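Biologist: I am new to this structure. Could you walk me through it?

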Amino acid sequence: MAIIKGTVKKKEYYIVIIGCGRLGSRIASLLSSQGHSVVVVDRDEDALQALSYEFSGFTILGEATELDTLKNAKLDKADIALVLSPDDNTNIMIALVAKEYFSTPRVIARAYDPSNLEVFSQFGIEIICPTLLAVESIKEALEIAGDES
Amino acid sequence: MKVVMVGGRNIAYHLTRAFLNKGHSVIIVNRDEAFCADMAKKFRATVVHGDGSDRHVIEQLELARDDLFVALTMHDSDNLVSCLLAKQAFAIENTAALVNDPDNKEVFRRMGIHTVVSPTEILATAIEDSMLREEIVNIFPTSDKVAIFRVQITKESPVLGKRIREAEIPEEGVIGAIMRGTDVVIPRGDTMIEEQDVLIVLMNAKAQTRVLERLIGEE
């Protein structure tokens with residue numbers, strides 16, 4: 001079983017995934033197949049139904065911007081929250097709520113726009129920026145040396 | 001003092017008018033280009049066309065910590081991000097945000113947003129109050145702990161013609177002032193309650209029904 005860095009070491013984590021799009025559903029299936037308890041939240045029923053057969057966790061249909069939905073997902077008990085909706089600000093708000101309101105130990109959110117990254121990193125949430133990751137990958141593929149090397 | 005308003009159409013329009021009339025300078029930030037052009041024509045305000053939840057837009061505004069920052073968009077998450085960016089960039093103390101989901105009030109407060117207004121909640125209170133009897137008006141509807149009502153004394157009132165000390169008002173309530181014609185009477189134990197008096201009554205919100213029933217009678 002994979003150990004996830006930065007959290008208390010456990011064999012199984014309780015992970016809440018918000019947003020069941022391409023990324024959310026893949027991560028959900030991956031973590032679920034590794035034996036973690038996974039709950040996926042999305043406002044779109046079709047998105048939840050599209051989860052693969054490998055996924056053995058729970059799904060919750062609802063708006064993740066509403067506290068009641070997050071309470072239903074038992075975010076207060078979660079070890080990790082992954083916030084992967086398509087809207088940057090929505091993700092930042094949900095991540096802040098997870099951190100401040102539900103005291104989730106690890107909160108990782110996706111934001112496409114790199115400009116707000118530093119500001120919100122200060123609030124104790126980790127932000128994954130696909131744009132910056134793509135830039136890195138393309139740099140690597142083209143073998144462009146960065147400033148520091 | 002500068003007042004910055006991010007988003008919001010009609011609310012931004014009317015607030016701009018009000019703040020300009022009071023002599024403040026107003027900065028409008030809006031994503032809608034046509035709205036920006038329109039506001040620039042109508043008002044002596046600085047109009048910025050851009051995304052108010054983008055750090056680069058906020059940082060250009062050159063604000064000071066005692067300026068007022070108001071986020072009025074339809075999206076709670078955009079409003080939260082805007083206010084947090086403004087606090088971060090200029091250490092603004094007075095940030096205000098509109099929340100559409102009343103549950104978010106608590107979330108925004110925890111994140112240090114100074115004033116959080118929920119139109120949904122205000123409407124809900126107003127609708128509830130409109131169901132109250134016509135003699136009573138809730139004049140302080142913002143707290144769930146204390147209620148302040150304006151109560152009109154009519155012929156049916158059980159306390160009519162009684163002195164305050166004999167009126168047997170429940171302990172959770174107190175009459176703070178009596179408006180009698182054009183006068184204001186600060187009531188003492190021997191003050192008589194007269195017809196047409198308008199009472200300003202403070203009470204524990206939990207005892208609201210009992211206090212009001214004692215003053216105007218049961219329905």
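Modeller: A search of the whole structure finds 1 cavity of 30 Å³ or more. This is a predicted model, where local features need pLDDT of at least 70, side-chain atom pairs count only at pLDDT 80 or more, and totals for chains, interfaces and linings use all residues. Residues are numbered from 1 along each chain as its sequence is written, chains are lettered from A and ligands numbered from 1 in the order in which they are written, and side-chain values use heavy atoms, with hydrogens and water left out.

Biologist: What makes a space a cavity?

Modeller: On a 1 Å grid over the protein atoms alone, a 1.4 Å probe fits at its points but cannot get out. The largest cavity holds about 40 Å³ of space.

Biologist: Which residues line the largest cavity?

Modeller: A:A64, A:T65, A:L67, A:L70, A:M93, A:I94, A:V97 and B:N104. Lining residues have an atom within 4 Å of a point. α4(A) gives the most, with 3 residues. Helices are DSSP runs (H or I, at least four residues); strands are E runs of at least two.

Biologist: Why is strand β1 of chain A called mostly covered?

Modeller: Buried means under 20% relative accessible area (1.4 Å probe, protein chains only). In β1(A), residues 14-18, 5 of 5 residues are buried, so the strand is mostly covered. A:Y14, A:V16 and A:I18 lie on one side, A:I15 and A:I17 on the other.

Biologist: How do you know that β1(A) pairs with β2(A)?

Modeller: Pairing takes at least two DSSP bridges. β1(A) and β2(A) have 5, so they pair, and they run parallel. A:I15 has A:V38 as its bridge partner in β2(A).

Key: 1 Å grid on protein atoms, 1.4 Å probe; cavity = no way out; pocket = protein on both sides within 12 Å on 5 of 7 lines; lining within 4 Å. Points joined across faces, edges and corners; volume = space filled by probe spheres on them. Buried < 20%, exposed > 50% of the residue type's maximum accessible area, 1.4 Å probe, protein only.
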